[in-house]
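Q: I am new to this structure and would like a close look at a single part of it. Could you take me through one helix pairing and the nonpolar core that goes with it?

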Amino acid sequence: MRPAVLFVMITVMIDAMGIGLMIPVMPDLIREVNGGDLSQAAVWGGILATIFAVMQFLFGPVLGGLSDRFGRRPVLLTSLAVMAADYVVMALAGSIWLLLLGRIVGGITAATHATASAFMADISAPAERSKNFGLIGAGFGVGFLLGPTIGGLLAEYGTRAPFWAAAALALANFLLGWLVLKETLRPEHARAFSWRRANPFGALKHLSNLPGVRPLLMVYFLYSVAFAVYPSVWSYFGQERFGWQPSVIGLSLALFGGAMAIVQGGVIRLALNQLGERGTVIAGHVFAIATYIAIAVTPSGVLTLILTPIAAVAGVIPPALTGIMSRQVADNAQGELQGVLTSANALAMILSPLAMTATFAQFTRDGAPFYLPGAPFLLAAGLMVLALAVFILRIRRLDVTSSPL
């Protein structure tokens, strides 16, 4: 693996780890700087998580557009430097308002996922993009696996330790990128930066006018909302349905994160070779629908743990879908496309927790029409059915590899 590709994978991994590192200490940290009880800390925790996602939604296209104008290298390195400084501020924060400011800046810098994916598009032949986008997903999966685990261990050294660790990781990766990352955007592919397109709504409007891209963006968004059922309700579902302790919930999430890394780093290549992009997207949806329904209705905690890594097979969808869209977009708009996809993910992380937790509450409360803790997974399955229908109906009009690559 080329050092520059490794750097980009580590950058995405740090984005994912930076969130997970903080999860174990956030309740105690919020009470430390703001006082109050656990329920009040939970409210502030929700505000901090939401503002982080909102910033990603707003600034994904901005960073993608900047990378289309000035190149991938300066955007990635600047974001990492600011990210490292942001973690230091949060490690020293003595008030809830500094934590809020830290999450605002952190959400902006975490939007580098768009630039990292644009880098992969630059260095990949069109037929190879889906496979290499899988490496981005693998980096995220590893970060999702390591973040909460390391954060829980570092919490033994105080509420600030995970922030210092995140700052050190970001700084070390900045230094690696400074040494190994070369610019991949060709000068002739650079385009003028326009605020009219450097926002999620303007960028979406522009990309939606390209042949076939609008339905694919809809499929991507529906997938993102459905897939977010895991971080949205998994801990509540596990405790309510099976009486799982936090250690078991943590283990199940680690299984899921590890499986995601394997799927997007390796299985995606096998799937693309055997099924092509179109077949991979369809197979991923079928897998997702089946596992969501199974998790929703199974009475066995052990079987649910077995299904958890299997459910990660649906992770083949984003790389294959992104590869299809990438070929519909000009070389000087790859960052813009990835920015819109980053915004779609962020918007899903804003909307999905609201929908999934409300569904969970509706079917587990006293007086519910019937008791079904797994109802959010049935909702997710329904969204995936809709996404699959849109994909099958519209994909025939595009130039997509339906046979093995």
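A: What follows looks at helix 11, its packing against helix 15, and the nonpolar core to which both helices contribute. The model is a predicted one, and every value below is computed from it. Helix 11, which covers residues 229-242, packs with helix 15, residues 334-362, at an angle of about 25°, and their axes lie 8 Å apart. Because angles under 35 degrees count as roughly parallel, helix 11 is roughly parallel to helix 15. The crossing that helix 11 makes as it passes helix 15 is right-handed. On the side of helix 11, the contact is formed by V229, P231, S232, V233, Y236, F237 and E240, while helix 15 brings M349, S352, P353, M356, T357 and F360. Sorted by class, this contact holds nine nonpolar residues, three polar ones and one charged one.

Turning to the core, the largest nonpolar core has 59 residues, and Y230, Y292, L321 and F377 are the members that touch the most others in it. Helix 11 and helix 15 each give two or more residues to this core, as do helix 10 (213-227), helix 12 (246-297), helix 13 (301-311), helix 14 (317-327) and helix 16 (375-395). Helix 12 gives the most, with 13 residues. Leaving aside residues up to four places away in sequence, F377 touches V229, Y230, V233, W234, F237, Y292, I295 and A296. A second core, separate from this one, has 45 residues, among them L80, M83, A91 and F163.

Methods
Residues numbered from 1 in each chain as written. Predicted model: local features only at pLDDT ≥ 70, side-chain atom pairs only at ≥ 80, totals over all residues. Heavy atoms only, no water. Axes fitted to C-alpha atoms, helices over the stretch in contact; angles between N-to-C directions. Helix = DSSP H or I, 4+ residues; strand = E, 2+ residues; numbered from the N terminus. Parallel < 35°, antiparallel > 145°, perpendicular 65-115°, else oblique. Left-handed = near helix turned anticlockwise from the far one by under 90°. Contact = heavy atoms within 4.5 Å. Nonpolar A, V, L, I, M, F, W, Y, C, P; charged D, E, K, R; others polar. Core = buried A, V, L, I, M, F, W, Y, C linked by side-chain atoms within 4.5 Å. Buried < 20%, exposed > 50% of the residue type's maximum accessible area, 1.4 Å probe, protein only.
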